[in-house]
Amino acid sequence: MFLILPPIFLASLLGKHRGGNIIFYFLRFWAHTWFPLVGMPVKRIYKCEKDNEPCIYVVNHRSYLDAAIAVKVMRLPFRPLGKIEMSKIPAFGFIYKNSVVAVDRSSAPARARSVREMMSALKAGISILVFPEGTTNESTQPLRPFHNGAFRMAIELQMPIKPVLYLDAGDRLPHNFMKINPGKCRVVFLPSVPVAGLTLDDINTLKQKVYEIMDTELRKYREYPTLQPVE
């Protein structure tokens, strides 16, 4: 990562869109090198046609490894939505703030700025990656409840939602300790969910539809406890 800092610094001078796109090519080079070195082969599983249009990727979130997997497998160019706190990490923080749309969830104006930045990227043909659970899922269930942001943005810009599943990230780098466990990392690309004709009144319906699609598919690959009905 330190070896790619100089070209990333130079690329950052070219602006958020052009410079950010160049940065991601350096990050992808790093990811293609790093994953084999630590014994984690990454496998893409496509249950849909490969698309070349900008979209909003909606991904489940189990591990800090998820961002690195995204750099390796997502169609370029794209930008992930990330926590602003990560930009404070020495060296890595510089790469982070120049390659993500950072959001400060404690500030309403800051959240609004992040949404405007994401919309600007989408209009420039850059896909956006969102972890709709908002934080890593530490439960025994496939998913945590989703936030509205990605679905509101999809409807406002009439951009399709592309659900993506990370099946093994939580096993490779568990959230409760910083230890890498070598092994496979499978990524499943699901068919896009169209939003044409939907209005903001349909946010909850769209959110629930995507949630159910992802939940159903995750249960095909892993065993999860059955939720007990509330009496």
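How far is the sulfur of Cys-55 from the closest cysteine sulfur? In this predicted model, the sulfur of Cys-55 lies 9.5 Å from its closest counterpart, that of Cys-48, which is too far for a bond. The search from Cys-48 leads to the corresponding result, since the closest cysteine sulfur belongs to Cys-55, again at 9.5 Å and too far for a bond. A disulfide requires the two sulfur atoms to be within 2.5 Å, and by this rule the structure contains zero disulfides. Cys-55 is also buried, with a relative accessibility of 0%.

Charged side chains were examined next. Across the whole structure, seven salt bridges are found. One of them pairs Glu-217 with Lys-47, with a distance of 2.8 Å from N to O. Glu-217 belongs to helix 8, which covers residues 203-221, whereas Lys-47 occupies the loop between strand 1 (42-46) and strand 2 (56-59); the salt bridge therefore ties together parts of the chain that are 170 residues apart in sequence. The two partners also fall into separate classes of accessibility. Glu-217 counts as buried, at 13% relative accessibility, while Lys-47 is partly exposed, with a relative accessible area of 35%.

Glu-217 takes part in a further salt bridge, with Lys-220, in which the closest N and O atoms are 2.9 Å apart. Here both residues lie in helix 8, three residues apart, a spacing of about one turn of the helix. Lys-220 is exposed, its relative accessible area being 55%. Elsewhere, Asp-168, Asp-171, Arg-186 and Arg-222 are joined into one network by salt bridges that share partners.

A salt bridge within a helix is also found between Glu-156 and Arg-152, whose closest N and O atoms are separated by 3.8 Å. Both residues are part of helix 6, which spans residues 149-157, and they are four residues apart, or about one turn of the helix. Each of these side chains belongs to a partly exposed residue: the relative accessible area is 39% for Glu-156 and 38% for Arg-152.

The surroundings of strand 1 were considered through Lys-43, a residue of that strand. Lys-43 counts as exposed, at 52% relative accessibility. Although Lys-43 and Lys-184 are 141 residues apart along the chain, their C-alpha atoms are separated by 7.4 Å. When neighbours within four places in sequence are left aside, Lys-43 is in contact with Cys-185, Arg-186 and Val-187. Of these contact partners, Arg-186 is also a member of the salt-bridge network that includes Asp-168, Asp-171 and Arg-222.

Nonpolar residues at the surface were also identified. Phe-9, Leu-10 and Leu-13 make a nonpolar surface patch of about 330 Å². Within this group, Phe-9 is found in helix 1, which comprises residues 5-12. Phe-9 is partly exposed, with a relative accessible area of 43%.

Conventions
Residues are numbered from 1 along each chain as its sequence is written. This is a predicted model: local features need pLDDT of at least 70, side-chain atom pairs count only at pLDDT 80 or more; totals for chains, interfaces and linings use all residues. Side-chain values use heavy atoms; hydrogens and water are left out. A salt bridge is a side-chain nitrogen of Lys or Arg within 4 Å of a carboxyl oxygen of Asp or Glu. Helices (H or I, at least four residues) and strands (E, at least two) are DSSP runs, numbered from the N terminus. Buried means under 20% relative accessible area, exposed over 50%, partly exposed in between (1.4 Å probe, protein chains only). Patches are made of residues with over 30% relative accessible area and no salt bridge: like charges are joined within 9 Å, nonpolar side chains (Val, Leu, Ile, Met, Phe, Trp, Tyr) within 5 Å. Accessible areas come from the Shrake-Rupley method with a 1.4 Å probe; for residues, only the protein chains shown count as cover. Contact means heavy atoms within 4.5 Å.
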